[in-house]
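Student: Could you take me through one part of this structure closely? I would like to start from one group of aromatic rings and then see what lies around it.

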Amino acid sequence: MNVDLELLKDLIRIPSVSADVDAVNSATDFLHAYLENRGLHCTIENCNGRRVLFAATVPGKQPDYLFNAHLDVVPAEKEQFEPSEDGEGRLSGRGASDCKGPAVVIAQILCDLAGKASVGAIFTADEEIGGSTTAAMVSRGYGAKRLICIVDADPYCIVNAQKGAATFKLIAHGRGGHSSEPWNLENPIEKLMNRFRVFSERWPAPTEDRWCDTMAPTVLQAGKVGNMVPDTAELTVNFRFIEEGGEEKIAKRLRELTGLDVELVSVSPPVFSDISEPEMQRLQRVLAAQWPDREIRFSHLNGATDSRHFVSLGIPVAVLGVDGFHIHCASEGVWTQSLHDYAEALERFVLEARES
């Protein structure tokens with residue numbers, strides 16, 4: 001099987017950086033025309049100005065199997081939007097592996113299975129900045145009957161669990177003024193630093209080999225000039241947690257240990273799919289048959305994918321990935337053979353269900 005690498009190159013040439021809504025919409029429209037011209041059932045949904053493509057081999061919003069990839073990418077220099085091949089099986093360019101390569105794999109599956117199986121795909125438009133378009137599509141009734149497969153992770157494994165994410169803002173209030181008279185002031189920066197240190201010292205240190213809750217301060221906002229103490233100081237802290245409702249426990253602990261104002265900025269739930277589900281087991285068997293020299297295992301993900309938006313549907317969600325390299329870097333690329341192999345394996349997975 002051969003995935004359409006010219007389609008991938010054309011998509012890479014569209015600089016669909018998440019913040020550039022028009023450019024992302026152009027990538028969506030390009031793929032829409034490609035799939036519609038090949039007989040797929042296509043729908044474009046407008047999600048706050050972002051165009052989101054749903055394409056399927058059958059009418060309706062609920063095929064048996066639903067795939068998902070995103071067409072937006074992180075920022076890059078101009079030359080990264082011109083794809084290149086090295087003659088040794090590597091294709092480079094922004095989005096080659098995250099996530100236009102996977103999108104082209106899914107497009108190939110849809111084209112090959114038209115008239116043969118019930119399968120659809122959502123190509124979303126803002127995964128790199130939160131994935132609100134995926135959430136919008138779910139709220140509008142798009143889903144699947146048997147399995148949802150996100151193609152946006154590491155290769156040669158099946159991610160069945162990912163951490164939830166919660167971002168908090170800690171706010172310290174004080175009494176500002178001229179920095180030359182600190183005895184007349186109550187410095188909120190010092191208060192913020194000291195009280196967060198108390199919290200940080202009581203937070204268990206994470207290790208790479210242990211799947212656990214983590215936290216990292218990410219944004220510090222305070223004064224504007226070098227000789228003036230501000231009235232407030234704010235620290236943004238990002239947490240990743242593995243238990244349902246973990247954000248509530250974290251908020252309580254932050255308030256108790258810091259005594260600061262605590263504001264929940266954003267939250268997404270953890271994702272868990274039971275690996276004993278028949279579709280998850282069958283997917284593992286098909287991938288193991290495709291790569292008999294590799295151990296295809298179920299795994300956990302520290303980061304987040306659009307799978308979190310499908311949790312409410314109550315069906316298994318699997319996260320896969322093609323074999324890429326240097327994701328989000330200037331030399332981002334993908335091994336083209338992995339694109340062909342994943343398309344072949346996932347087509348076999350869908351067709352096997354029809355035959356059984």
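Tutor: What follows starts at one aromatic cluster, moves to a pocket beside it, and then visits some other features. Keep in mind that the model is predicted.

Start with the rings. The whole structure holds 12 aromatic pairs. One of them joins Phe-199 and Trp-203. Their ring centres lie 5.7 Å apart, and the planes meet at 35°. That pair is tilted. Where does Phe-199 sit, buried or exposed? Phe-199 is buried, because its relative accessibility is 1% and the buried class runs under 20%. Trp-203 has a relative accessible area of 11%, so Trp-203 is buried too.

Trp-203 has another partner. The ring centres of Trp-203 and Phe-239 are 5.3 Å apart. Their planes stand at 65°, and an angle over 60 degrees counts as edge-to-face, so this pair is edge-to-face. Now look at where the two residues come from. Trp-203 belongs to the loop between α5 (188-201) and β11 (214-221). Phe-239 belongs to strand β13, residues 232-241. The two are 36 residues apart, and the pair links distant parts of the chain. Phe-239 is buried, with a relative accessible area of 0%.

Put the rings together. Phe-168, Phe-196, Phe-199, Trp-203 and Phe-239 make up one aromatic cluster.

Trp-203 also takes you to a pocket. Trp-203 is part of the lining of the second largest pocket. Its neighbours in that lining include Pro-204, Arg-210, Cys-212, Asp-213 and Phe-241. The space in this pocket is about 220 Å³. Which helix gives the most to the lining? Helix α6, residues 246-258, does, with four residues. By class, the lining divides into six nonpolar, one polar and five charged residues.

Cys-212 deserves a stop. Cys-212 lines this second pocket. It is buried, at 8% relative accessible area. Why does Cys-212 have no disulfide bond? The closest cysteine sulfur is in Cys-157, 19 Å away, so the two are too far apart for a bond. Cys-149 gives a similar check. The cysteine sulfur closest to that of Cys-149 is in Cys-99, at 11 Å, which is too far for a bond. Cys-149 is buried as well, with 3% relative accessible area. A search of the whole structure finds zero disulfides.

Cys-99 brings up the backbone. Cys-99 lies in the loop between β5 (90-92) and α3 (100-113). A cis peptide bond joins Asp-98 to Cys-99, with omega at about 10°. Why is that worth a look? Most peptide bonds are trans, and most residues other than glycine have a negative phi. Two residues go against the phi pattern here. Asn-48 is not a glycine, yet its phi is positive, at about 55°. Asn-48 is in the loop between β1 (41-47) and β2 (50-56). With 83% relative accessibility, Asn-48 counts as exposed. His-326 also has a positive phi, near 55°. His-326 is in the loop between β18 and β19 (333-335). At a relative accessible area of 46%, His-326 is partly exposed.

Go back to the loop that holds Trp-203. Glu-208 is also in the loop between α5 and β11. Is Glu-208 buried or exposed? Glu-208 is exposed, because its relative accessibility is 86% and exposed means over 50%. Glu-208 and Asn-302 are 94 residues apart in sequence, and their C-alpha atoms are 10.0 Å apart in space. Compare another pair. Ser-200, in helix α5, is 102 residues from Asp-98 in sequence, and here the C-alpha atoms are 33 Å apart. Ser-200 is partly exposed, at 30% relative accessibility.

Next comes the largest pocket. It holds about 610 Å³ of space. How many residues line it? There are 31, and the closest to its centre are Glu-127, Gly-303, Ala-304, Thr-305 and Arg-308. Strand β13, which holds Phe-239, supplies at least two residues of this lining. So do β9 (164-173), β14 (261-268) and β18 (324-325). The lining has 12 nonpolar, 12 polar and seven charged residues.

Finish with charges over rings. The charged end of Arg-38 sits over the ring of Tyr-34, 3.6 Å from the ring centre. The charged end of Lys-61 sits over the ring of Tyr-142, at 4.8 Å from the centre.

Definitions and conventions: Residues numbered from 1 in each chain as written. Predicted model: local features only at pLDDT ≥ 70, side-chain atom pairs only at ≥ 80, totals over all residues. Heavy atoms only, no water. Phe/Tyr/Trp six-rings, centres within 6.5 Å; stacked < 30°, edge-to-face > 60°. Buried < 20%, exposed > 50% of the residue type's maximum accessible area, 1.4 Å probe, protein only. Lys NZ or Arg CZ within 6 Å of the ring centre and 35° of its normal. Disulfide = S-S within 2.5 Å. 1 Å grid on protein atoms, 1.4 Å probe; cavity = no way out; pocket = protein on both sides within 12 Å on 5 of 7 lines; lining within 4 Å. Points joined across faces, edges and corners; volume = space filled by probe spheres on them. Nonpolar A, V, L, I, M, F, W, Y, C, P; charged D, E, K, R; others polar.
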